[in-house]
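Colleague: Could you take me through one part of this model in detail? I'd like to begin with a cysteine and then follow the packing from there.

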Amino acid sequence: MSESVSGVVLAGGKGSRLGGVNKALLRIGRRTNIECVLDALRPLCRELVIVANDEALAGLDGVRVVLDDEPHVGVLPALAQGLETVGGDIAVVVACDMPFLKTALISEQIRRAADVDVVMPVVDGRPEPMHAIYRRTSSLAAIRSALAAGERRMISFLDRLSVSWLPEAELRIFDPELRSFFNTNTPEDLERARNLARS
């Protein structure tokens, strides 16, 4: 790839539906959530940054942990901080609790980012901003404008950018069951993820 690629993992959630645990450290089979996520990103990214609320994830090999300047006030400021921190031309942004990411799908998203600002999947008719590719400079400017206008929704800045939307039919070429978009948000999700890991 001609452009440098950075990975940004957003790990600032409260995990309230799981009793306040750090979802990144939940074990899914033999690995933790964060190990699964980083393993999917390492082949593609020259640097990896985790935006977190505390130092619990510090010490991971080859990963920089950046503390969220505004913990628990929304994901958009954390995304801005991640983009400010990395040096790549484009950034792969994912959540810390997505244990079934597909490197091949992310690679295809990066390929499609050549002529646009954002490459974003759409699943069940909903954008997936936590599994997206962002051109760093233009996206950061758009996010700062949105935040300055009091907009905090994760997709509030997209109308300021050129976006390539990836529909389910194209996503399924690389991930037939769309497991990339599975999050471990609830005890039921966690149990299902562990069952999937075993199978």
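Does Cys-45 count as buried or exposed, and at what relative accessibility?

Modeller: Happy to! Please keep in mind that this is a predicted model. Cys-45 counts as buried, because its relative accessibility is 12% and the cut-off for buried is under 20%. Its sulfur has no bonded partner: Cys-45 is in no disulfide, and the nearest cysteine sulfur, that of Cys-36, is 16 Å away. The structure as a whole holds 0 disulfides.

Cys-96 gives a useful parallel. Its closest cysteine sulfur also belongs to Cys-36, and at 12 Å that is too far for a bond. Cys-96 is buried too, with a relative accessible area of 6%.

Cys-96 leads us on to Val-9. Leaving aside residues up to four places away in sequence, Val-9 touches Cys-96 along with Val-94 and Ala-95. The other residues that Val-9 touches are Ile-34, Val-37, Leu-38, Leu-41, Val-49, Ile-50 and Val-51. Val-9 is also among the residues with the most contacts inside the largest nonpolar core, a set of 61 residues. Leu-10, Leu-41, Leu-79, Val-92, Tyr-134 and Phe-157 are the others named for that. The largest share of this core comes from strand β6 (residues 90–95), which gives 6 residues. In soluble globular proteins, nonpolar side chains tend to be buried together. Apart from this core lies another, of 7 residues, including Leu-26, Phe-182, Ala-193 and Leu-196.

Val-9 sits in strand β1, so let me stay with that strand for a moment. Strand β1 spans residues 5–11, and 7 of its 7 residues are buried. In a regular strand the side chains alternate between the two faces of the sheet. For β1, one side carries Val-5, Gly-7, Val-9 and Ala-11, while the other carries Ser-6, Val-8 and Leu-10. Both faces are covered, since every one of these residues is buried.

What lies beside β1 in the sheet? β6 runs parallel to β1 and is joined to it by 6 bridges; here Ser-6 has Ala-91 as its bridge partner. Strand β4 (residues 47–52) also pairs with β1 in the parallel sense, over 6 bridges, and Gly-7 finds its bridge partner there in Leu-48.

One last stop is the second largest pocket, with a volume of about 220 Å³. Its lining consists of Val-123, Asp-124, Arg-126, Pro-127, Glu-128, Glu-168, Arg-172, Leu-178, Phe-181 and Asn-183. At least two lining residues come from each of β8 (126–127) and α5 (168–174).

Two residues of this lining deserve a look at their backbone. Asp-124 has a positive phi of about 55° although it is not a glycine, and Leu-178 likewise has a positive phi of about 55° without being a glycine. Asp-124 lies in the loop between β7 (118–123) and β8, whereas Leu-178 lies in the loop between α5 and α6 (187–198). Their surroundings contrast: Asp-124 is exposed, with a relative accessible area of 57%, but Leu-178 is buried, at 10%.

Conventions:
Residues numbered from 1 in each chain as written. Predicted model: local features only at pLDDT ≥ 70, side-chain atom pairs only at ≥ 80, totals over all residues. Heavy atoms only, no water. Core = buried A, V, L, I, M, F, W, Y, C linked by side-chain atoms within 4.5 Å. Buried < 20%, exposed > 50% of the residue type's maximum accessible area, 1.4 Å probe, protein only. Helix = DSSP H or I, 4+ residues; strand = E, 2+ residues; numbered from the N terminus. Contact = heavy atoms within 4.5 Å. Pairing = 2+ DSSP bridges. Disulfide = S-S within 2.5 Å. 1 Å grid on protein atoms, 1.4 Å probe; cavity = no way out; pocket = protein on both sides within 12 Å on 5 of 7 lines; lining within 4 Å. Points joined across faces, edges and corners; volume = space filled by probe spheres on them.
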